[in-house]
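Student: Please take one part of this structure and look at it closely. Then work outward from there, one step at a time, and give the reasons as you go.

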Amino acid sequence: DGDERARLTHAWNQTGRQYERRERIHERVARHAVERPHSVAAADRQGQLSYAVMDARADRMAALLQARGVGPESRVALFMHRSSAVLSALLGVLKCGAAYVPIDPAYPDERVGYILDDSGACLVVSDQDLGVRVSGRGVEVLAIELVDADVQCGSPRPVAVDQNHLAYVLYTSGSTGRPKGVMIDH
């Protein structure tokens, strides 16, 4: 009947939620690291990573990137194997106001080169074994292993990140021609 229909379609279907839009993802993770530092943020074959450790690594990454002139609207390519290190790297990129450009190591060198050129990446964060594939392309390569080893790089300078700042650039499959970069803001 009408009452049952209203209850099923409207009253029981009120699943919408209001979310706070002012906090960026890297800010939310940093807050979570303070509130629950020992909670597991990520797990991979090497083990588990707490929020406190992940946030500290992201801070080191952001400080190193800022020291190299990376800031708002800069684009930093992440050319890494899937691991928890990718999360720390992308959070570090976001903390300094830049946008990350993920590049899958399974891509052929031609596609990797195209994405680097097309995205305008100013720097590549890479696993050491992958760095040789992107060196010599006119873009600085920073090995993630060196970031993890550098415990004295300090804290990043705070950066005001607006919701309209670029957060990341994803490339399409290119099945209808050249891959296209889709720019996503905060």
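Tutor: Start with alanine 160, which is found in the loop between α7 (144-149) and β7. Keep in mind throughout that this is a predicted model. Alanine 160 has a relative accessible area of 69%, and because the cut-off for exposed is over 50%, this residue counts as exposed. Its C-alpha lies 9.2 Å from the C-alpha of lysine 95, although the two residues are 65 apart in sequence.

The loop leads to strand β7, which spans residues 166-171. Two tyrosines of this strand take part in aromatic pairs, tyrosine 168 and tyrosine 171. How many aromatic pairs are there in total? The count comes to two. A pair of aromatic rings is described by two values, the distance of the centres and the angle of the planes.

In one pair, tyrosine 168 meets tyrosine 100, with 5.2 Å between the ring centres and 20 degrees between the planes. Planes under 30 degrees apart count as stacked, so this pair is stacked. Distant parts of the chain are linked here: tyrosine 100 belongs to strand β4 and tyrosine 168 to strand β7, 68 residues apart. Are the two partners buried or partly exposed? Tyrosine 100 has a relative accessible area of 14%, which is under the 20% cut-off, so it is buried. Tyrosine 168 stands at 25%, between the 20% and 50% cut-offs, and therefore counts as partly exposed.

The other pair joins tyrosine 171 to tyrosine 114, and here the centres are 6.5 Å apart and the planes make an angle of 85 degrees, so the pair is edge-to-face. This pair also links distant parts of the chain, since tyrosine 114 is in helix α5 (residues 109-119) and tyrosine 171 is in strand β7, 57 residues apart. Both values of relative accessibility, 17% for tyrosine 114 and 14% for tyrosine 171, fall under 20%, so both residues count as buried.

Another ring has a charge over it. The charged end of arginine 111 is placed over the ring of tyrosine 107, at a distance of 4.2 Å from the ring centre.

Strand β7 also has a part in the largest pocket. The lining of this pocket takes at least two residues each from α4 (84-95), β4 (99-102) and β7. The pocket holds about 350 Å³ of space. It is lined by 16 residues, and those closest to its centre are Met80, Arg82, Pro102, Ile103 and Asp104. By type, the lining has 12 nonpolar residues, two polar and two charged.

From the pocket, turn to glutamate 73, which sits in the loop between α3 and β3 (75-79). Although not a glycine, glutamate 73 has a positive phi of about 75 degrees. At 40% its relative accessible area lies between 20% and 50%, so it is partly exposed. Glutamate 73 and leucine 166 are 93 residues apart in sequence, but their C-alpha atoms are 5.9 Å apart in space.

Helix α3 covers residues 51-67, 17 residues in number. From its first C-alpha to its last the helix reaches 24 Å, close to the 24 Å expected at 1.5 Å a residue. Its buried residues are Tyr51, Met54, Asp55, Ala58, Arg60, Met61, Ala62, Ala63, Leu64, Leu65 and Gln66. Aspartate 59 is also in α3, but its relative accessibility of 23% is not under 20%, so it counts as partly exposed. Between aspartate 59 and glutamate 35, which are 24 residues apart along the chain, the C-alpha separation is 17 Å. After α3 comes glycine 69, and its phi is positive too, near 85 degrees.

Now step back to the whole chain. It has seven helices and eight strands. The C-alpha trace spans about 70 × 45 × 35 Å along its principal axes. Of the 186 residues in the chain, 41% are buried.

Notes: Residues numbered from 1 in each chain as written. Predicted model: local features only at pLDDT ≥ 70, side-chain atom pairs only at ≥ 80, totals over all residues. Heavy atoms only, no water. 1 Å grid on protein atoms, 1.4 Å probe; cavity = no way out; pocket = protein on both sides within 12 Å on 5 of 7 lines; lining within 4 Å. Points joined across faces, edges and corners; volume = space filled by probe spheres on them. Helix = DSSP H or I, 4+ residues; strand = E, 2+ residues; numbered from the N terminus. Nonpolar A, V, L, I, M, F, W, Y, C, P; charged D, E, K, R; others polar. Expected span 1.5 Å × (residues − 1). Buried < 20%, exposed > 50% of the residue type's maximum accessible area, 1.4 Å probe, protein only. Phe/Tyr/Trp six-rings, centres within 6.5 Å; stacked < 30°, edge-to-face > 60°. Lys NZ or Arg CZ within 6 Å of the ring centre and 35° of its normal.
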